[in-house]
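Hi,

Here is the structure I promised to pass on. Have a look at it first, and then read my notes below.

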2 protein chains.
Amino acid sequence: MTTRTVIRPLAGKSPGGIDRKRASTEQSATLPPLDKMIGYKLRRAQLAVFQDFLTVFSKMRLRPAEFSVLALIAETPGRKQSEIAERLGIKRANFVALMDGLERRGLAERRKAESDRRSHSLHLTPEGRRFVHKMSALWGKHESRLIERLGGPEEKDRLLELLDRMFD
Amino acid sequence: MTTRTVIRPLAGKSPGGIDRKRASTEQSATLPPLDKMIGYKLRRAQLAVFQDFLTVFSKMRLRPAEFSVLALIAETPGRKQSEIAERLGIKRANFVALMDGLERRGLAERRKAESDRRSHSLHLTPEGRRFVHKMSALWGKHESRLIERLGGPEEKDRLLELLDRMFD
DNA sequence: TATTGTTATACTCTATAACTATA
DNA sequence: TATAGTTATAGAGTATAACAATA
C-alpha cells in the first residue's frame, strides 16, 4: 500500500476551440499519466513484441499461438490435447481449430491414446520436427533483438523475474 | 547478440501410448522452455493484470480501453478524436463505437471544433468528471495490489523502465 | 454420472475500404 | 486533392452451451 496519487496544480481556464494544454474545469482526476500505469505499459510492450514476432515469422506463416503449441509438443510430446490447451490458457473448444490447422499442414498429429480412448495424445510429424528446427533459428533472431533492446541478457532475466511476480 | 541456444541431451525412445517425459525421436528443438521466452511471459503477465483490472472495474462496467480514453481526456481535454485514438493505438474507425458508448453513458462528449469543422474535440461531462474521480479511487486499489505483487514501488519503477525499452 | 474432444454460436478486438463533409 | 469522422465488413481471439464417445 505504498501508492501515491498525483495531485495536479490547477491552471487557468482556456478559451473555446481545441484546447491543447490543460483545462482546470475538466481536471478532476488524481490519476498519474497513462505511461506510469503498469497495465497500460505492459499491454503496449506486449503488442510491440508480438508485432516483431509477426514480422519475423510471417514467412513461415506462423502465429504466436501456433508457435507455442509446436514448442510445447516438441518439449514434451505425447501429452493430452486438453493438457496442452490448458497449459497455454486456451479453451479446449478453441484449441480444436488451431490443432486442425497444424495437422492439415502436416506439422503435428493426434493419436488415439490407448489408455483412455477419449483422449488424443499430440505429437510432431517428421516434417513438424524439421519445421520446429527452422522455427528455432528464427526465434533466436527474434529473441536476441529483444534482448538487445533490453540492454543484455541480465536485463532479460530481471524482466522475466519481475513478470513472474505478476501471477496470482 | 548474446543469446545462447540450449542443446538438450538425447534420451532413449519411449514405447507407445501417452509419453509423459521426453521422447528423443521427437526432440529436435533447440528452444528453451516457453517460460523463458520474453514474449510468452509478457503476454501471460498482461493477461493476468487485465484479469485483475476486469474484476476490479466490473462494478463500474468499465473496460481497459474505456478507462484509458477517459484517463486521457481527463489529462488533456479538448484534443482531437483522432489524436486520442492514435495515442492509444486504436484505429480511428474502431474508436467511433467506443466514443459512442462513453457519450451514450453521459461521461464524455464530442464538440465541433471551430477552427476545423471536420474534427471533434473531446471533453468530459460533469458526470464524467465525477466518474473519473471514482475511477481513480478504484484504480488505486488495483495498482497497489500489483505493486504489492511486484514487491514494492521500486520494483514497479524497475519494471516500467524495462518495459519502456521494448519500443522500437 | 463425469470427462475428452467436438460443433455451433456469440461477443470483443482489430484491420481495411469506401463514403461524407469539410479543408 | 487531402483529412476527420464515419459506416460496413471481415478476420482473429475468446467464451459458453450442448452433443457423442468413452470412462
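**The strands in chain B**

Let's start with strand β1 (residues 108-112) of chain B, which is joined to β2(B) by 5 bridges, with the two running antiparallel. Before you go on, keep in mind that this is a predicted model. If you want a spot to click on, find B:R110: opposite it stands B:L122 in β2(B).

Is strand β2 of chain B largely enclosed or not? Its residues are 120-124, and 4 of these 5 are buried, so β2(B) is largely enclosed by the rest of the structure.

**Two helices in chain A**

Now switch to chain A and look for helix α2 (residues 64-75) and helix α4 (residues 92-104). Their axes come within 11 Å and cross at roughly 75 degrees. Angles of 65 to 115 degrees count as roughly perpendicular, so that is what α2(A) is to α4(A).

Which residues meet there? From α2(A) you get A:A65, A:E66, A:V69 and A:L70, and from α4(A) come A:F95, A:L98 and A:L102. Sorted by type, the residues of this contact are 6 nonpolar and 1 charged, with no polar ones.

**How the two chains relate**

Finally, zoom out. A turn of 180 degrees, with a shift of 0.0 Å along the axis, lays chain B on chain A with an RMSD of 0.0 Å. That is the relation of a two-fold axis. Both copies use the same surface: of the contact residues of chain B, 99% recur in chain A.

Have fun with it!

Methods: Residues numbered from 1 in each chain as written. Chains lettered and ligands numbered in written order. Predicted model: local features only at pLDDT ≥ 70, side-chain atom pairs only at ≥ 80, totals over all residues. Heavy atoms only, no water. Least-squares fit on C-alpha atoms with pLDDT ≥ 70 in both. Contact = heavy atoms within 4.5 Å. Axes fitted to C-alpha atoms, helices over the stretch in contact; angles between N-to-C directions. Parallel < 35°, antiparallel > 145°, perpendicular 65-115°, else oblique. Nonpolar A, V, L, I, M, F, W, Y, C, P; charged D, E, K, R; others polar. Buried < 20%, exposed > 50% of the residue type's maximum accessible area, 1.4 Å probe, protein only. Pairing = 2+ DSSP bridges.
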